[in-house]
Amino acid sequence: MYDRVKWPDHFDPKISAIYALNDVDVKAPPEVVWELLIDAENWSSYFAPEDQVKILTGEPKLALGTRYSRVTVGFPMSLVVTECEPGHRLAWKTVVDGDETGSTAYHGWVITPTESGCHVLTEETQQGPWFLDVLGHKHPGGLYRYHQQWVDDLARAAEAVAARTAR
């Protein structure tokens, strides 16, 4: 059994308009996946759509309390890391820049060691009119597809790093 995201009450999937769960088994150590995941400004090195990420609080990588911005599917967003358990858990809260509806999202990652490497699980919930209209109604299933590509690309990148360091 794999761990799941720890949800703040307001973001629980049972009360969220949009929810996606994606996961993948990775043939690389958890620490390799972790390093790729917290290196947000370089996500595009393995997942091209995340090419506009900027850490705003001075840290070189994501950590508890890090504030950063990103442009996702054409929309500028502001984020803050709300959970960071090195090597195991990472989560952030998102607001869409310029959105007046109070819409928010919560995205968590969980890395669980396995015999052959690790299991990566990501879950996201989205609440509010902006997310429901722009993503839910106009692009049904889009969050799931986007995250599945992300976890698959993360797995390939981690496996490539592990293969290079094993030589």
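Here are some exercises with worked solutions on this predicted model.

**Exercise 1. Trace the sheet: in what order do the seven strands lie, and which are the edge strands?**

Step 1. Follow the pairing from strand to strand. The order is β1-β7-β6-β5-β4-β3-β2, in an open sheet with antiparallel pairing.

Step 2. Look for strands that pair on one side only. These edge strands are β1, residues 18-26, and β2, residues 53-55.

Step 3. Add the twist. On average, neighbouring strands in this sheet are turned by 20° against each other, ignoring direction.

A reminder that goes with this exercise: sheet strands pair through backbone hydrogen bonds, in either a parallel or an antiparallel way.

**Exercise 2. Work out how β4 is joined to β3 and to β5, and find the residues with positive phi in the two hairpins.**

Step 1. Begin with β3 (residues 67-72) and β4 (residues 75-85). These strands run antiparallel and are joined by six bridges.

Step 2. Check the register. Arg-67 faces Val-80 of β4, and Val-71 has Pro-76 of β4 as its bridge partner.

Step 3. Turn to the connection. Two residues lie between β3 and β4 in their hairpin, and Val-73 in the turn has a positive phi of about 45°.

Step 4. Move on to β5. Eight bridges join β4 to β5, again with the strands running antiparallel, and Ser-78 stands opposite Val-95 in β5.

Step 5. Finish with the second hairpin. Three residues separate β4 from β5, and Gly-87 has a positive phi near 80°.

**Exercise 3. Place the helices: which strands do α1 and α2 touch, and at what angle do α1 and α3 pack?**

Step 1. Take helix α1, residues 30-38. This helix packs on the sheet and touches β1, β4, β5 (89-96), β6 (104-114) and β7 (117-127), and its direction makes about 160° with that of β6.

Step 2. Take helix α2, residues 129-137. This helix also packs on the sheet, touching β1, β4, β5, β6 and β7, with a direction about 60° from that of β1.

Step 3. Bring in helix α3, residues 142-166. The axes of α1 and α3 are 9 Å apart, and the helices pack at about 125°. Angles over 145 count as roughly antiparallel and 65 to 115 as roughly perpendicular, so α1 is oblique to α3.

Step 4. Give the hand of the packing. The crossing of α1 past α3 is right-handed.

Step 5. List the contact residues. From α1 come Val-32, Val-33 and Leu-36, and from α3 come Leu-154, Ala-157, Ala-158 and Val-161. This contact of α1 with α3 holds seven nonpolar residues, no polar ones and no charged ones.

**Exercise 4. Decide for His-147 and for Ile-38: buried or exposed? Then find what each residue touches.**

Step 1. Locate His-147, which is in helix α3. The relative accessible area of His-147 is 2%, so this residue is buried; the cut-off for buried is under 20%.

Step 2. Find its partners. Beyond residues up to four places away in sequence, His-147 touches Asn-22, His-107, Thr-122 and Glu-124.

Step 3. Locate Ile-38, which lies in helix α1. With a relative accessible area of 7%, Ile-38 is buried.

Step 4. Find its partners too. Setting aside neighbours within four places in sequence, Ile-38 is in contact with Lys-61, Leu-62 and Leu-90.

Step 5. Add one distance. Ile-38 and Pro-60 are 22 residues apart along the chain, and their C-alpha atoms are separated by 9.0 Å.

Key
Residues numbered from 1 in each chain as written. Predicted model: local features only at pLDDT ≥ 70, side-chain atom pairs only at ≥ 80, totals over all residues. Heavy atoms only, no water. Pairing = 2+ DSSP bridges. Helix = DSSP H or I, 4+ residues; strand = E, 2+ residues; numbered from the N terminus. Axes fitted to C-alpha atoms, helices over the stretch in contact; angles between N-to-C directions. Contact = heavy atoms within 4.5 Å. Parallel < 35°, antiparallel > 145°, perpendicular 65-115°, else oblique. Left-handed = near helix turned anticlockwise from the far one by under 90°. Nonpolar A, V, L, I, M, F, W, Y, C, P; charged D, E, K, R; others polar. Buried < 20%, exposed > 50% of the residue type's maximum accessible area, 1.4 Å probe, protein only.
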